[in-house]
Amino acid sequence: RSSFERAPPKRPMVGEEKNSAEVTAKEPAKQRSEEAKSDTRKPTSGFCAKQGCGKVATLQCPKCLKLGLPSTYFCDKTCFKDAWNAHKAVHKEAALRLAFKPPPFNYTGKLRPHYVTPMRKVPAHIKKPDYADTGKPVSENTPARDKIVIHTKEQIKRIRHICKIGREVLDLAGQMVKPGVTTEEIDAKVHEWSIERGAYPSPLNYHFFPKSCCTSPNEVICHGIPDARPLEDGDIVNIDISVYKNGFHGDLNETFLVGNVDDESKHLVKTTYDSLMLAIKACKPGMFVRDFGKIISKHCNKRRLSVVRSYCGHGIGEMFHCAPNVPHYSKNKAIGICKPGMVFTIEPMINIRSFRDKTWPDGWTSVTADGLRSAQFEHTLLVTETGCEVLTARTKNSVPFHWEKEEQKAKS
């Protein structure tokens, strides 16, 4: 059967000409008038969607219109038929997205899960971590995971390089943040940008995580799965980027504002960032790992915010997650003293009210127990002889913070 026979019976492609006499005889004048008005609000032409054609076309796929998809144009029936096998995949995904319903759960806030696309593939030439095919990080299930590594100069060189790649990808992802953009679209570009730089997106298939980055809007604390939900004006969203190349991982994240955000959320975001930077400022040889939590908690508690206790910073290098664990709350029992050559992350997750969390049925998405907002920032650090180096430091290409924009506006 031809592809056109898959369309509803006797329904021509939108734009296909009808005999004007037939139209006059069969369609009431009022109906013709309404359709004419409707047609003026639709694009009347575009480039043919058949690969390699590219001519200006006016015929539209009726299935796309029925599903509410953006208009797809074809030159003629031949182009439509030739492109059908590839084009129908768009319809399948749209149908799945429309049919998706969030699983039953006592959701704490306004957010709900949306449709998640299938896991993306990574080209064969990209060197992959041990869990890429199986979903199981074998190296992290050995005693070596609990040993703090002092890295060599060559290892540090490689970690510094992958952290630079991670920063580039996060800066590009941050520039995409605006109302109407889905986190699925952000994830697709993160996947593409990572591979362009010869890197593997570390979250992909790590313990079977389905995406190439984590996106955590509003009440999501961490590990949000990118999906089909469009970002809305007033949202906040954390984007967590981790990449792997030459045998080493790099990890960082930032929380971004979407459009016009309320003052309470701005206060949350700035306090979270400031708490991270205060902890980094104190990092030097001889410091107890447990003391980072004291610094972060003191700063946030003074500002009536709470520190999440279920998740912590971690060692990173040849393994995605390893010793030391770096809790962000005070009076923790973390083991370890900072020494030159250590590499680890600090990544405080700060909530507006309660520090408690719940996990969605997907097994990943962690949300605040009270449904109020959460923010997070993360850097990968190298302990040096005199202090520390922020391996994922911001650059001139990083998205400016809201307080930086306000300060610049005040000066001008």
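**A three-stranded sheet and the salt bridges around helix α7**

In this predicted model, β10, β14 and β17 form an open sheet, in the order β10-β14-β17. The pairing is antiparallel. Strands β10 (306-307) and β17 (374-376) stand at the edges. Each has a single partner strand, so one side of each is left without a neighbour in the sheet. In general, strands of a sheet pair through backbone hydrogen bonds, either parallel or antiparallel. Here, β10 and β14 (residues 349-351) run antiparallel and are joined by two bridges. Val307 stands opposite Ile350 in β14. Helix α7 (residues 263-282) packs on the sheet. The helix touches β14 and β17, and its direction makes about 35° with that of β17.

Salt bridges were examined next. The structure holds 19 of them. One of these joins the side chains of Arg394 and Glu254, at 3.0 Å from N to O. Arg394 lies in the loop between β19 (388-390) and α9 (402-411). Glu254 belongs to strand β9 (residues 248-257). The pair therefore ties together parts that are 140 residues apart in sequence. The two partners differ in accessibility. Arg394 is partly exposed, with a relative accessible area of 21%. Glu254 has 3% relative accessibility and counts as buried, because the cut-off for buried is under 20%.

A further salt bridge links two helices. The side chains of Glu406 and Lys266 meet at 3.6 Å, N to O. Glu406 lies in helix α9 and Lys266 in helix α7, so this pair also ties together parts that are 140 residues apart in sequence. Glu406 is partly exposed, at 42% relative accessible area. Lys266 is partly exposed as well, at 22%.

Helix α7 also holds a salt bridge within itself, between Asp274 and Lys270. Their closest N and O atoms are 2.8 Å apart. The two residues are four apart in helix α7, which means that about one helical turn separates them. Asp274 counts as partly exposed, at 22% relative accessibility. Lys270 is partly exposed too, with a relative accessible area of 29%.

Some salt bridges share partners. Through them, Arg167, Asp171, Glu254, Arg394 and Glu404 are joined into one network. The network thus includes Arg394 and Glu254, the pair that meets at 3.0 Å.

Definitions and conventions
Residues numbered from 1 in each chain as written. Predicted model: local features only at pLDDT ≥ 70, side-chain atom pairs only at ≥ 80, totals over all residues. Heavy atoms only, no water. Pairing = 2+ DSSP bridges. Contact = heavy atoms within 4.5 Å. Axes fitted to C-alpha atoms, helices over the stretch in contact; angles between N-to-C directions. Salt bridge = Lys/Arg side-chain N within 4 Å of Asp/Glu carboxyl O. Buried < 20%, exposed > 50% of the residue type's maximum accessible area, 1.4 Å probe, protein only.
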